[in-house]
Amino acid sequence: LAQSTHGPSRLSVTVLIPAYNSDTYLRETLESVFAQTRQPDEILIVDDGSTDSTEEIVKSYGDRLRYVRQANQGIAGARNTGVREAHSEYIALFDHDDLMLPDKLEKQMAILEAHPEKLFVYSTFRYLYRDGSTKDVPVLPSRLLPQALRYRQPVLPSTTIIRRSALLEAGGFRGFFGIDDWDLWWRLMRRFSGSAFQEIDEALTLYRWHEANTTSTSFLKMNASVLRMVDGDFLDGVPKWKQWLWRRRIQARVFYFTAVRLRELNSDLDWAFALQSFLQWPLPTRILENHRFTVLAHMLLLRLRKHGLSRRNLLPRLDCRAHLEQSLRPN
């Protein structure tokens, strides 16, 4: 980015951390915030009804933190409370188990201060696995966001700093399980345009990968939420015929990734989702990997070997949408 001709003014930033039963990792996360080369103006913890020692850990830091406690509302509700309560002009969203690299706030706030037309800055992140190994995930250029956000979530919340007024104007997080951030990014994109977003091609966040990220129940809930989101106002402003096409392609994508995950879990339902993915969208498309057809062919071959050639096994009668929706119902 070209530097602005006027000297940058110092903007204020709140690090917002929603916490629910977070005592395993919270202290390490907070220490990474305290170690920033540019200190935040405020660190705000929203305790979403924890029953462990989260409150004790937060209060051990005294007035270095602001602490707000509420009845459990889920992560979207906790983030919305934090946005309302924050005192700063910008919000650095951060999850309780992630880690900031030391110059995260300094580098991101420098862009926002030099370029007041920007309201959303995000970066590359680095997976942190249980064995201590890491892997960088390339950042998606902001010029590609308008297209990408139509069918996937390419921006990790813990990499972002966002203008507080924009979050309030867009209506905050709406509570779609696992994808409330995707829904909000898309609404911000539609409201303010892609020119308000800016990426940093450098890993500034460590994203902790553990078993809680990969449970089968969570995966099904998340995919069901994608379908609900797309059926809502997600495609407002798009011509009706294009809405139909987008819904078919997105549903094909959801069913495909559900099939792949179910195959990893050795579930016999994988073929039903794979078949429905193909029926929803049988043509090549950039929103689905080109090797989808190879994967589907391999699934079919395994199905034939396991069950033989019969209509019942080749054409399973499963309502895939209803199966996903069931995961969202209270137990």
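Reader: Happy to start with Arg 69: is this residue buried, partly exposed or exposed?
Author: This is a predicted model, so the answer rests on computed values. The relative accessibility of Arg 69 is 42%. Buried means under 20% and exposed over 50%, so Arg 69 counts as partly exposed.

Reader: Which residue forms a salt bridge with Arg 69?
Author: The closest N and O atoms of the pair are 2.9 Å apart. Arg 69 lies in strand β3 and its partner in strand β2, so the pair ties together parts that are 22 residues apart in sequence. The partner is buried, with a relative accessible area of 0%. It is Asp 47.

Reader: Nice. What is the distance between the closest N and O atoms in the salt bridge of Arg 126 with Asp 136?
Author: Arg 126 sits in strand β6 and Asp 136 in strand β7, 10 residues apart. Arg 126 is partly exposed at 24%, and Asp 136 is partly exposed at 39%. The cut-off for a salt bridge is 4 Å, and here the closest N and O atoms are apart by 2.5 Å.

Reader: And where does Glu 325 find Arg 228: how many residues apart in sequence are they?
Author: These two form a salt bridge, with the closest N and O atoms 2.8 Å apart. Glu 325 is buried at 15% relative accessible area, whereas Arg 228 is partly exposed at 42%. Glu 325 belongs to helix α13 and Arg 228 to helix α8, and the separation in sequence is 97 residues.

Reader: Which residues do salt bridges that share partners join into one network with Arg 228 and Glu 325?
Author: Side chains of opposite charge can pair when their charged atoms come close. In this network, salt bridges share partners. Besides Arg 228 and Glu 325, the network takes in Asp 231, Arg 247 and Arg 321.

Reader: Let's turn to the strands. Which strand is joined to β9 by 9 bridges?
Author: β9 is mostly covered, with 9 of its 12 residues buried. With β5 it pairs in the antiparallel sense over 2 bridges, and Met 100 stands opposite Thr 205 there. The 9 bridges belong to a parallel pairing, in which Tyr 207 of β9 has Tyr 127 as its bridge partner. That strand is β6.

Reader: Which element gives the largest share of the largest nonpolar core?
Author: Nonpolar side chains tend to be buried together in soluble globular proteins. The largest core here has 66 residues, and Phe 120, Leu 145 and Trp 185 are among those with the most contacts inside it. The largest share, 9 residues, comes from α9.

Reader: How many residues does the other core have, the one that lies apart from it?
Author: Look for Tyr 61, Tyr 90, Met 100 and Ile 200, which are among its members. This core is separate from the largest one, and its count is 27 residues.

Reader: Back to α9: is Arg 249 buried or exposed?
Author: Arg 249 lies in this helix, and its contacts beyond four places in sequence are Trp 281, Thr 285 and Ile 287. Its relative accessibility is 18%, which is why Arg 249 counts as buried.

Reader: One last point: what is the phi value of Asn 266 near?
Author: Asn 266 lies in the loop between α9 and α10. With a relative accessible area of 71%, Asn 266 is exposed. Its phi is positive, in a residue other than glycine, and lies near 60°.

Note on methods. Residues numbered from 1 in each chain as written. Predicted model: local features only at pLDDT ≥ 70, side-chain atom pairs only at ≥ 80, totals over all residues. Heavy atoms only, no water. Helix = DSSP H or I, 4+ residues; strand = E, 2+ residues; numbered from the N terminus. Buried < 20%, exposed > 50% of the residue type's maximum accessible area, 1.4 Å probe, protein only. Contact = heavy atoms within 4.5 Å. Pairing = 2+ DSSP bridges. Core = buried A, V, L, I, M, F, W, Y, C linked by side-chain atoms within 4.5 Å. Salt bridge = Lys/Arg side-chain N within 4 Å of Asp/Glu carboxyl O.
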